[in-house]
Amino acid sequence: MTDPDETLFLIASKDCIVELLRSGEAFQLVRVVDFIENAFKTVKIVSRSVVDDSIILDNIKWLRRKRKNYARYSNLVADFNTSYDWYMVFECSRVTLKDILARDDMSPLPARHVRAIMHQLVDAVVSLHRRSMMHLDVCPATIEIVDPTTVKERVYTDQRRFVERIILRCAQIRLVFYGDAGVRTDRAAGTDQYRAPELVFGWTSKTRTDTFSVGCVFSELLTGHPMFPSCSQEDSYVLAKAHLFEAVLGDFPPDIVYRVSLTHNGLFDSSDELKGFYDLSLGLRESFKDLKTAEEEIEDDDAVDALRSLTMIAPADRVHLPDLLSFTYFTRFGAEDYT
């Protein structure tokens with residue numbers, strides 16, 4: 001694969017400036033500023049020596065297909081190749097769900113927007129799975145807000161008074177997806193706080209890996225903050241994630257304890273209890289004081305049922321994603337729209 005300096009030269013020669021966003025075993029993701037069009041672009045570079053051309057071309061063909069209904073993805077605007085790499089050029093996201101949730105005056109979102117965003121997100125991810133593709137990085141940063149325009153809305157509170165809040169004028173989203181070529185075999189796939197247990201423990205990723213990440217996004221939509229604190233800088237990352245999973249999601253099932261112990265010896269003691277809590281950093285240990293389960297934090301029982309079905313520790317116990325929208329939380333209010 002072209003090294004970062006060669007990549008910089010190749011794209012910079014076309015009047016662009018490059019920022020390396022992510023680098024895997026078989027791909028690089030860079031953001032460029034196109035001075036000719038005066039626009040940001042995202043470029044995915046896939047190694048032809050690692051990933052077969054047929055897989056890359058299949059990705060490109062699929063990404064160029066016209067999308068209908070909710071299942072929309074990043075817009076592929078160009079592709080080209082050299083002897084070593086394929087280059088796929090996408091429009092760059094302007095405003096993402098991460099940006100919206102970071103605003104104190106907008107989070108958490110209205111319940112109708114939570115349902116509308118989840119409908120679209122589930123449809124988009126299920127559409128990938130039907131094509132035998134996986135996203136493996138579903139998180140607020142990969143959910144683009146199509147129209148970030150905001151408006152003010154007056155709502156009646158539990159304190160029996162009207163207050164103004166800022167909301168999105170339209171809750172229409174686009175899933176940021178650059179194809180799965182070069183990603184499915186990447187050990188560092190995913191974003192820390194939305195990464196499924198099987199990614200953390202190094203097992204094979206399947207469609208229910210995305211299901212877990214969708215659940216983490218759902219939790220953040222409901223509460224206004226991530227389901228798990230960040231622990232990407234921990235010396236013992238797997239140990240840290242295991243403790244976080246247990247604190248928020250409950251005890252590990254016996255079969256999962258056994259499976260984890262096969263690949264991470266010493267994580268559990270002879271009583272199947274997690275070890276090494278005091279090996280975590282002081283800052284992370286302090287964050288455990290504020291951790292809550294879904295039942296403790298979310299008052300809506302229907303929302304809790306849906307969230308629990310998405311975020312079971314054992315992949316086989318998670319809901320089949322297309323079935324999620326039949327849960328009471330999504331059906332009790334009737335048809336959804338984007339407003």
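These are my notebook entries on aromatic rings, helix contacts and two unusual backbone angles in a predicted model.

**Entry 1: the chain as a whole**

I began with the overall picture, and I noted that the protein chain has twelve helices and nine strands. Of its 339 residues, 51% count as buried. I also looked up how the contacts are spread along the sequence, and among contacts with a separation of 6 or more, 66% come from residues 24 or more positions apart.

**Entry 2: aromatic pairs**

A search of the whole structure gave me 17 aromatic pairs. I looked first at F90 and Y178, whose ring centres are 4.8 Å apart and whose planes stand at 65°, so I wrote the pair down as edge-to-face, since the angle is over 60 degrees. This pair joins distant parts of the chain, because F90 belongs to strand β5 (residues 85–91) while Y178 sits in the loop between β9 (173–175) and α5 (197–200), and the two are 88 residues apart. I then checked their surroundings: F90 counts as buried at 0% relative accessibility, and Y178 is buried too, with a relative accessible area of 15%.

Next I turned to F277 and F288, an edge-to-face pair with 5.2 Å from centre to centre and 90° between the planes. F277 is in the loop between α8 (254–263) and α9 (282–287), and F288 is in the loop between α9 and α10 (294–297), so this pair ties together parts that are eleven residues apart in sequence. Are both of these rings buried or exposed, I wondered, and what does each value say? I found F277 partly exposed, with a relative accessible area of 26%, whereas F288 counts as buried at 17%.

**Entry 3: a cluster, and charges over rings**

I noted a cluster in which ring pairs link F201, W203, F212, F228, F245, F252 and F268. One of its members, F228, has the charged end of K241 sitting over its ring, 5.3 Å from the ring centre. Elsewhere I found R115 lying over the face of Y329, at 6.0 Å from the centre of that ring.

**Entry 4: helix α6 and its partners**

I looked up which helices meet α6 (residues 207–223), and one of them is α11 (residues 301–310), whose axis comes within 8 Å of that of α6 and crosses it at roughly 150°. That angle makes the two helices roughly antiparallel, and the crossing is left-handed. On the α6 side the contact is made by T211, F212, G215, F218, S219 and L222, and on the α11 side by A303, A306, L307 and L310. I noticed that F212, listed here, is also a member of the ring cluster.

Helix α4 (residues 111–130) also meets α6, with axes that come within 11 Å and cross at roughly 170°, and these two helices are therefore roughly antiparallel to each other. V114, I117, M118, L121, V122, V125 and H129 in α4 meet T207, D210, V214, V217, F218, L221 and L222 in α6. F218 and L222 of α6 appear in the contact with α11 and in the contact with α4.

**Entry 5: two positive phi angles**

My last search was in the loop between α4 and β6 (143–145), where S132 is found. S132 is not a glycine, yet its phi is positive, at about 60°. L136 is found in the loop between α4 and β6 as well, and its phi is near 70°, again a positive value in a residue other than glycine. I compared their surroundings: S132 is exposed, with a relative accessible area of 55%, whereas L136 counts as buried at 3% relative accessibility.

Definitions and conventions: Residues are numbered from 1 along each chain as its sequence is written. This is a predicted model: local features need pLDDT of at least 70, side-chain atom pairs count only at pLDDT 80 or more; totals for chains, interfaces and linings use all residues. Side-chain values use heavy atoms; hydrogens and water are left out. Rings of Phe, Tyr and Trp (its six-membered ring) pair if their centres lie within 6.5 Å; planes under 30 degrees apart count as stacked, over 60 as edge-to-face and the rest as tilted. Helices (H or I, at least four residues) and strands (E, at least two) are DSSP runs, numbered from the N terminus. Buried means under 20% relative accessible area, exposed over 50%, partly exposed in between (1.4 Å probe, protein chains only). A charge sits over a ring if NZ of Lys or CZ of Arg is within 6 Å of the ring centre and within 35 degrees of the ring normal. Axes are lines fitted to C-alpha atoms, for helices over the stretch in contact, and angles run from 0 to 180 degrees between N-to-C directions. Angles under 35 degrees count as roughly parallel, over 145 as roughly antiparallel, 65 to 115 as roughly perpendicular and the rest as oblique. A crossing is left-handed if the near helix is turned anticlockwise from the far one by less than a right angle, and right-handed if clockwise. Contact means heavy atoms within 4.5 Å.
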